[in-house]
Amino acid sequence: MTPDLPFVNRRRLLCGCAGLAGLAALSLAGCGQDTASSAQAQAPAEIQPHSSCSLDGMLLSDYPGPKGQIRFANVAEVQWFCDTTELLSTLLAPEQVRTVVSAFVQDMAKADWEQPRGHWIDARQAVYVLGSRRRGSMGPTAISFASDADAQAFVQQQGGRALRFAEIQPAMVDLSGGAQQDTRM
């Protein structure tokens, strides 16, 4: 049986066009002309049902509390964190050498604690409450807020202390023991 020649030629044509489109996209990105993807890298992504933590694979939608995301230079995928403590630990790690394009956490004055969606704010501009009674996906967490007033109101209700990103030290967001406190894994 002989192959259907028009089908084979059509397949070669489509594959060739796809390859040329890929090369064109790479050349544009290399010349710095890919402003659309640059703007996209600066904007927060939204949690999808399949979004999972880059550190431990936990599905973000299965756990309460604030989430985080980082976009690294030369990495296409968003790096998700099921807990802001994990994100802060990554950002503040002395061995972190990857260039951070953007980092976002959720404003928990607006996001629902049990099913947080949206309300993304710049992680380096946020105010965090550490040491409160509220627990995130990994146990004790750093609760993120867009404003000092919201962080202080949370402290009055749940305890802890409010700190700006620049005030947080790596030892304050140590990840040791976090997974041991998660009984739902």
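**Exercise 1. Decide whether D148 is buried, exposed or partly exposed, and describe its surroundings.**

Solution. Begin with the relative accessible area of D148, which is 40%. Buried means under 20% relative accessible area, exposed means over 50%, and partly exposed lies in between, with a 1.4 Å probe and protein chains only as cover. D148 is therefore partly exposed. This is a predicted model, in which local features need pLDDT of at least 70 and side-chain atom pairs count only at pLDDT 80 or more, while totals for chains, interfaces and linings use all residues. Residues are numbered from 1 along each chain as its sequence is written, and side-chain values use heavy atoms, with hydrogens and water left out.

Next, place the residue: D148 belongs to helix α4, which covers residues 148-158. Helices (H or I, at least four residues) and strands (E, at least two) are DSSP runs, numbered from the N terminus. Finally, look for partners: leaving aside residues up to four places away in sequence, D148 touches V127 and R164, where contact means heavy atoms within 4.5 Å. The C-alpha atoms of D148 and A126 are separated by 8.7 Å, although these residues are 22 residues apart along the chain.

**Exercise 2. Find the aromatic pairs and say how the rings are arranged.**

Solution. Rings of Phe, Tyr and Trp (its six-membered ring) pair if their centres lie within 6.5 Å; planes under 30 degrees apart count as stacked, over 60 as edge-to-face and the rest as tilted. The structure holds two such pairs. In one of them, the rings of W80 and W120 have centres 5.9 Å apart and planes at 50 degrees, so this pair is tilted. Because W80 lies in strand β2 (residues 79-81) and W120 in strand β4 (residues 120-122), the pair ties together parts that are 40 residues apart in sequence. W80 is buried at a relative accessible area of 8%, and W120 is buried at 15%.

Turn now to F145 and F154, whose ring centres are 5.3 Å apart with planes at 50 degrees, so this pair is tilted. Both F145 and F154 are buried.

**Exercise 3. Which arginines have their charge over an aromatic ring?**

Solution. A charge sits over a ring if NZ of Lys or CZ of Arg is within 6 Å of the ring centre and within 35 degrees of the ring normal. The charged end of R98 sits over the ring of F72, at 3.8 Å from the ring centre. R134, in turn, lies over the face of W113, with 4.2 Å to the ring centre.

**Exercise 4. Explain why C53 and C82 form no disulfide.**

Solution. A disulfide is counted for a pair of cysteine sulfur atoms within 2.5 Å. The cysteine sulfur closest to that of C53 belongs to C82 and is 3.8 Å away, which is too far for a bond. By this rule the count of disulfides is zero. As for their surroundings, C53 is buried, with a relative accessible area of 4%, and C82 is buried, with 0%.

**Exercise 5. How many residues of helix α3 are buried, and what do they pack against?**

Solution. Helix α3 spans residues 84-92, and nine of its nine residues are buried, so that the helix is mostly covered. Among the buried residues are T84, E86 and L92. The partners of these buried residues are strands: β1 (68-72), β2, β3 (100-106), β5 (127-130), β7 (139-140) and β8 (143-145).

**Exercise 6. Compare the settings of N74 and H119, given the sign of phi in each.**

Solution. Most residues other than glycine have a negative phi. N74, however, has a positive phi near 65 degrees, and H119 has a positive phi of about 60 degrees. N74 is in the loop between β1 and β2 and is exposed at 84% relative accessibility. H119 is in the loop between β3 and β4 and is partly exposed at 38%.

**Exercise 7. Which stretches of the chain have pLDDT below or under 50?**

Solution. pLDDT is the predictor's confidence in each residue, from 0 to 100. The chain averages 81, and 73% of the residues score at least 70. Over residues 7-33 the pLDDT is below 50, and this stretch has four contacts beyond near neighbours in sequence. Over residues 178-185 the pLDDT stays under 50, with 14 contacts beyond four places in sequence. Where pLDDT is low, the predicted coordinates should not be read in detail.
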